[in-house]
Amino acid sequence: MEGRKERGRLRNFVRRMAMECLCSGEQLKGADETIRSSDSSITKDFSASGYSSRNGEVEQYLDNGNIEEAELSLREGVCLNYEEARALLGRLEYQRGHVEAALRVFDGIDISSLVPKMKISIARKAHRRKTRSQWDSPPMPLHAVSLLMEAIYLKARALHDLGKFKDAAQECRMILDIVEAALPEGLPAGFGKGCKLNEIICKAVQFLPELWKLAGVSLEAISEYRRSLLNNWNLDGETIAKIQKEFSVFLLYSGCEARPPNLHSQLDGSFVPRNNMEEATLLLMILLRKFNLRRVQRDPTVMHHLTFALSMSGQLKPLAVQFEELLPGLLDKREWSYNVALCYLAEEDDLTALNLLKRILKLGQESENLKELLLASKVCVEKGDYAEGAAYARRTIAIIQGGCDQLVGVADVLLGVSLSNQARYAISDTNRASWQCEALEVLGSAEKNMHWQDPRVLYNLSLENAEQRKLDAAVFYAKKLVKLEAGSELRSWLLLARLLSAQKLFADAETIVDAALDQTGKWNQGNLLRTKARIQAAQGEFSDAVGTYTQLLAIIQLRRKKISVGISLAKGAEDDKSLETETWYDLALLYLGMSQWRDAEVCVSKIRAVSCYSALAWHATGKLYEVKGLPKEALGAYFRALDLDAKHVPSLISTAIILRQLGDRPLPSVRCFLTDALQLDRTNHMAWFNLGLLYEEEGGRSAAEAAECFQAAALLEETAPVEPFR
């Protein structure tokens, strides 16, 4: 009698437990939380029933590994069929942490035979919600469908826990396939309310891409991410935002390039991404719009990922627009201003960038503005405001004195470059000498702080020594630079070749250029070929120089035909235009030196065809008139060149020479052209020589000044490179 009562209590408990599992509208908790939660619904049911799990009949069967008896007990206690009972038992095993046992239970369920009924039940349930019809009942209750769906999901979780990610993904995908087949147009609003089915579907939608990522099948992960976002799964806004962010991050950093999405369902004229970067950018911009509309909780990392995406695409202006459209509060004001300044700086809008940085520098303490001061100094150097750049660099050094060596080194480099450029344009010889000395000192300090391993420091040290005609030191640093960079930087090869040409080691300089050509792609050989041609011309190898120039022009023509349309097309075309103009100009002067006037005239016409407003064309025309014995016509051409470019040094010098020869102007007015030329280029030996001739003609007290000019001209000519160091 007592045994019968005990079995009755067990059946009542199992019935309550099963109905709780099947019919409860309580939200399905996260699987990991549910497994080990001491106050889970199952534990509560056991406690509430007054029946101890240790003495429970079902629990005893499970503990003894007798799943069939546990299943039989459940089926006797409540009206459950074989599959439903196993689904419930598998859930119990998984909640108790018995993953392998749960998997064995789930393996016993023949889901494939139940899939047609599940599809029909889901479809009819959705149809009944639309029509409010009570007829045409589904072959399976929705709660039973929910229980079996949960079994599939928990089986996927169990496989995941065992490291079988691909099998887990295939199981999880079955849930979405069933729902998609039953409801091709997506889940209706409120579908599954009152049971766990909708929540299970939502969890499967989020879980499936993660499983494919863990399995290493990136294309499947991308496909499932798109499926989760393009189909209607009744996901809430926060969940959709989470999926969009995870998908965009995966597209940006996975290294897997997928095919563009198939968006035939979209409206005509809608933007369709062509690659991973565009798709990720689109998703991140959608998220930003949701943040601004306050539809989802803000996440600052979204802006960081969008910054990366647009920066890699070269779209810095649109990135600045995105920053400017952000509502206050998502980013700190200082961070916002700094990022916008970076965008404008990358788009070569230095003035706007500098104004934003100055706005930051007015906020907070000086010690908080380290990176802003460094960037402001860099901007000033690039826009030619060297005094202000030096001031910002000095403020930075004062803040971090005794701090990070690398940051001190960066500030020293900026200060050294600023002082070097100030010295180039200094009016006072005293200031020039002082700034040159300090520039070398500061760059030497930067070299120590950077542990002799920073290419920027070595390059500027070599360049500054070259400008001061300390060629041995300059060559030492240039060779060290090329070795450090393993010959990967074109400007380092060019600097070394120019230095060797300044030492009149033309054969060594040409060897360096040839070595650089071997390591440089064909499309990037333009500057190297021009340097090589000038070295050949300096050695008197005029025919070889003509051949090299011809090769350079051929490459420019091919680039013009083959260059692909892209973001950097305009800049690349402008560089080619400048290089082509200079090449024809060099060829014109070379032909004049060879007395081939017709060829020189052809070169001048080519310059005008490329750039009709080029000062080089008029200067070459003036040279042509000079060799023909037409000084007045030559002077007119030089004046036209100066009208187009008042800072064209060769035209300033040539104008002064012709005016001195004609004797039409007083010597002081002629001297102005030469002093202007020296203000622009103090290392031009032709300007110093002709200035010496003017002083010599004046006689008297000017004789000493003429001697100094001739001495400077002789020194500079001995150390003149075939082309400027900078």
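Is Asp514 buried, partly exposed or exposed? At 28% relative accessibility, Asp514 counts as partly exposed, where buried means under 20% relative accessible area, exposed over 50% and partly exposed in between, with a 1.4 Å probe and protein chains only. The structure is a predicted model, in which local features need pLDDT of at least 70 and side-chain atom pairs count only at pLDDT 80 or more, while totals for chains, interfaces and linings use all residues. Residues are numbered from 1 along each chain as its sequence is written, and side-chain values use heavy atoms, with hydrogens and water left out.

**Overall fold**

The chain has 36 helices and zero strands; both are DSSP runs numbered from the N terminus, helices being H or I with at least four residues and strands E with at least two. Of its 726 residues, 48% count as buried. Among contacts with a separation of 6 or more, 61% are between residues 24 or more positions apart, a contact being heavy atoms within 4.5 Å.

**Salt bridges**

The structure holds 25 salt bridges, each defined as a side-chain nitrogen of Lys or Arg within 4 Å of a carboxyl oxygen of Asp or Glu. Three of them are listed here.

| Pair | N to O distance | Citation |
|---|---|---|
| Glu279 and Arg226 | 2.8 Å | salt bridge |
| Lys245 and Asp299 | 2.7 Å | salt bridge |
| Lys532 and Asp514 | 3.0 Å | salt bridge |

Glu279 forms its salt bridge with Arg226, and because Glu279 lies in helix H14 (residues 276-292) and Arg226 in helix H12 (residues 218-230), the pair ties together parts that are 53 residues apart in sequence. Glu279 counts as buried at 6% relative accessibility, and Arg226 counts as buried at 14%.

In the salt bridge between Lys245 and Asp299, distant parts of the chain are linked, with Lys245 in helix H13 (residues 237-253) and Asp299 in the loop between H14 and helix H15 (300-312), 54 residues apart. Lys245 is partly exposed, at 22% relative accessibility.

Lys532, for its part, pairs with Asp514, and this salt bridge links Lys532 in helix H27 (residues 526-538) to Asp514 in helix H26, 18 residues away in sequence. Lys532 counts as buried at 17% relative accessibility, whereas Asp514 is partly exposed. Elsewhere, salt bridges that share partners join Asp177, Glu180, Glu224 and Arg227 into one network.

**A pocket and a cavity**

The second largest pocket has a volume of about 610 Å³. On a 1 Å grid over the protein atoms alone, a pocket is an open set of points with protein on both sides within 12 Å along at least five of seven lines, a cavity is a set where a 1.4 Å probe fits but cannot get out, and lining residues have an atom within 4 Å of a point. Grid points are joined across faces, edges and corners, and a volume is the space filled by probe spheres set on the points.

This pocket is lined by 21 residues, of which Val381, Glu382, Val417, Asn460 and Arg491 lie nearest its centre. Helices H19 (370-382), H21 (405-424) and H23 (455-467) each supply at least two lining residues, and the largest share, seven residues, comes from H21. The lining divides into eleven nonpolar, four polar and six charged residues, where Ala, Val, Leu, Ile, Met, Phe, Trp, Tyr, Cys and Pro count as nonpolar, Asp, Glu, Lys and Arg as charged, and the others, Gly among them, as polar.

Two cavities of 30 Å³ or more are found in the whole structure, and the largest encloses about 40 Å³. Its lining consists of Val179, Glu180, Leu183, Pro184, Gly186, Asn231, Asn232 and Trp233.

**Individual residues**

Glu485 sits in the loop between helix H24 (471-484) and helix H25 (490-502). Glu485 is buried yet has no salt bridge, the nearest side chain of opposite charge, Arg491, being 5.5 Å away. In the loop between H24 and H25 there is also Ala486, which has a positive phi of about 55° although it is not a glycine, and which is exposed, with a relative accessible area of 61%.

Cys202, in helix H11 (residues 197-215), is buried at 13% relative accessible area. Leaving aside neighbours within four places in sequence, Cys202 is in contact with Trp233, Asn234 and Leu235.

Note on methods:
Lys and Arg count as positive and Asp and Glu as negative; His and the chain ends are not counted.
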